[in-house]
Amino acid sequence: MKKTITLLLSVLAAVSCNFLDETLKGGYTAENYYTSESKAELAVNAIYNSLYDNVLWIFGDVASDDSVKGGDDGDQPQIGEIDQFIATSDNGSLDQFWKSTYETIARANNAIDGISGMEINETTKARLIGEAKFLRAYSYFNLVNIFGQVPLKTRTQNTSAAIHVGLSPVADIYAQIDRDLTEAAAGLPKGNGGRVGRGAAYALLAKSKVFQGKYEEALAAITSLENNNDGFDLEPNYADLFKEGGENSVESLFAIRYMNTKTASRGNNLNVWFSPFSEEGGYHFNQPTQSFVDCFDEDGDVRLDASIGRDGQPWFNGTTFQAAWGNVTGYLVKKYDTDKTEDIAKSQTMVPQHRIRYAEVLLLKAEALNETGGAGAADALDLVRQRAGLGKVKADNQADLREAIRKERRRELGFEFHRFFDVMRYGKDYAVAALGSACWPSDRYYFPIPQSETEANAALK
């Protein structure tokens, strides 16, 4: 046997040079892939595709005062650690979010670098690069709000220097976000067919500026959005936003869309995570809190029952919600569920995930106007309130209007993964009142960078 192995190794050694000298066939490299508009389009499509494996809800909702982990006892304990602010660097949800988000960034970097050197139609080129820059900016916006300082990677990772990148200050990350969005808006047309457009870029730019306290610059971005006359408006019926086809609404600026192919896990699987077990075979995670329900303290607000399931209220497929379905709080999220037919599985539905809506643009405008003392803050807020079935806001001063705007953001955008970011940016006093006196190391809480990154990235110490 030993002689046989020795002979085999000798033969392999004799021919190994021929193997190594052969040009790789049947594969693409950065140098030979970007040769046509169709391939450039596929490269950008791949960035969108990377958004589907994302657990932003764990941070946007569960880490906030809007919900708790839910689910069965002992199931997904890593989510419970985030809920309780005791997550360490080996937490699986932290690792999953980090890797999926940096995968999006890596694909965006590849596309930007590759398409920039192509000789293709300039309008198409500007659009594709604009989409990639928007998606990179969106990814960094989430990262900087969850982790604070993170590695800022903006080039194809084909060198050691591009792979091993140290932490950048929060201000530098926001500067890159703003730069990407400004450049994206300049090259993007009106969004269509699920692709981001200039309206989304201006909206996210306005949000980034508000989060930095740069309210005048936020208003300038919103003015640019409005001056384009792209037809964005509020959807007349709030609940219609969270039905199949809601991504086509005049209100939707950026939404994650799904396709129903009758193949498992090709649709929106959040309904599996959030729906009741006894009725639909779901996992009943992300259970709304009584605090969220209580913030709907004005009669006639249609958003409450469009957002969550409550005892005795209509659910789906003609059923009535039972508090026992939400085994921890008595409530479940409703925005990602839908009436089912026998041939459509839970993970195949096409209910979208809205990430930026025109209602949020109005709320950002109201906030920026209020903080700068400009006229019209209440008018922008009232547009959102009136669609919800409420009267005009009653606020006599800037402080009262500020609180009204914050409450409206919570009610309007509930379970669209915004609340934790808002609680943090409102300051330590607000956060402690909302979340309790967790171990706040500074003015706000950041989750730890995953251990897998600190072990793999030589620039992190």
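User: What is the relative accessible area of Tyr-283, and how should I read such a value?

Analyst: Relative accessible area is read in three classes (buried under 20%, exposed over 50%, partly exposed in between, with a 1.4 Å probe and protein chains only), and Tyr-283, with 39%, is partly exposed. Trp-273 falls in that class with a relative accessible area of 22%. Bear in mind that this is a predicted model, in which local features need pLDDT of at least 70 and side-chain atom pairs count only at pLDDT 80 or more, while totals for chains, interfaces and linings use all residues. Residues are numbered from 1 along each chain as its sequence is written, and side-chain values use heavy atoms, with hydrogens and water left out.

User: How many aromatic pairs does a search of the whole structure find?

Analyst: Rings of Phe, Tyr and Trp (its six-membered ring) are paired if their centres lie within 6.5 Å, and the planes then count as stacked under 30 degrees apart, edge-to-face over 60 and tilted for the rest; here the search gives 32 aromatic pairs. Trp-273 and Tyr-283 make one edge-to-face pair, with 5.7 Å from centre to centre and 90 degrees between the planes. Trp-273 belongs to helix α12 (residues 270-274) and Tyr-283 to the loop between α13 (277-280) and β5 (285-288), so this pair ties together parts 10 residues apart in sequence; such elements are DSSP runs, numbered from the N terminus (helices H or I, at least four residues; strands E, at least two).

User: Which residues form one aromatic cluster with Tyr-445 and Phe-447, and are those two buried or exposed?

Analyst: Tyr-445 and Phe-447 are both buried, and they belong to one aromatic cluster together with Phe-59, Phe-85, Phe-97, Trp-98, Tyr-102, Tyr-140, Phe-147 and Phe-420.

User: Where do the charged ends of Lys-153 and Arg-406 sit?

Analyst: A charge is said to sit over a ring if NZ of Lys or CZ of Arg is within 6 Å of the ring centre and within 35 degrees of the ring normal. The charged end of Lys-153 sits over the ring of Tyr-102, 5.8 Å from its centre, and Tyr-102 is also a member of the aromatic cluster. The charged end of Arg-406 sits over the ring of Tyr-426, at 4.1 Å from the centre of that ring.

User: Which residues line the largest cavity?

Analyst: On a 1 Å grid over the protein atoms alone, a cavity is a set of points where a 1.4 Å probe fits but cannot get out, a pocket is an open set with protein on both sides within 12 Å along at least five of seven lines, and lining residues have an atom within 4 Å of a point. The model has five cavities of 30 Å³ or more, and about 90 Å³ of space lies in the largest cavity. Its lining consists of Leu-56, Tyr-138, Phe-141, Asn-142, Leu-204, Lys-207, Arg-355, Ile-356, Glu-416, Phe-417, His-418 and Phe-421, with two or more residues coming from each of α7 (122-146), α10 (198-211) and β8 (353-357). Helix α7 provides the largest share, three residues.

User: With which strand does β8 pair, and how many of its residues are buried?

Analyst: Two strands pair if DSSP finds at least two bridges between them; strand β4 (residues 252-256) and β8 pair in the antiparallel sense over four bridges, and Arg-357 in β8 is the bridge partner of Ser-252. Strand β8 is mostly covered, with five of its five residues buried.

User: What lines the second largest pocket?

Analyst: The second largest pocket has a volume of about 320 Å³, where a volume is the space filled by probe spheres set on grid points joined across faces, edges and corners. It is lined by 22 residues, of which Gly-191, Phe-232, Glu-247, Ser-249 and Ser-252 lie nearest its centre. The elements that give two or more residues to this lining are α10 and β4, and the largest share, four residues, comes from β4.

User: What is the phi of Gln-76, and what is that of Asn-317?

Analyst: Most residues other than glycine have a negative phi. Gln-76, although not a glycine, has a positive phi of about 55 degrees, and it is placed in the loop between β1 (67-70) and α5 (77-83). Asn-317, also not a glycine, has a positive phi of about 55 degrees and lies in the loop between β6 (308-309) and β7 (332-333). Gln-76 counts as partly exposed at 25% relative accessibility, and Asn-317 is partly exposed with a relative accessible area of 44%.
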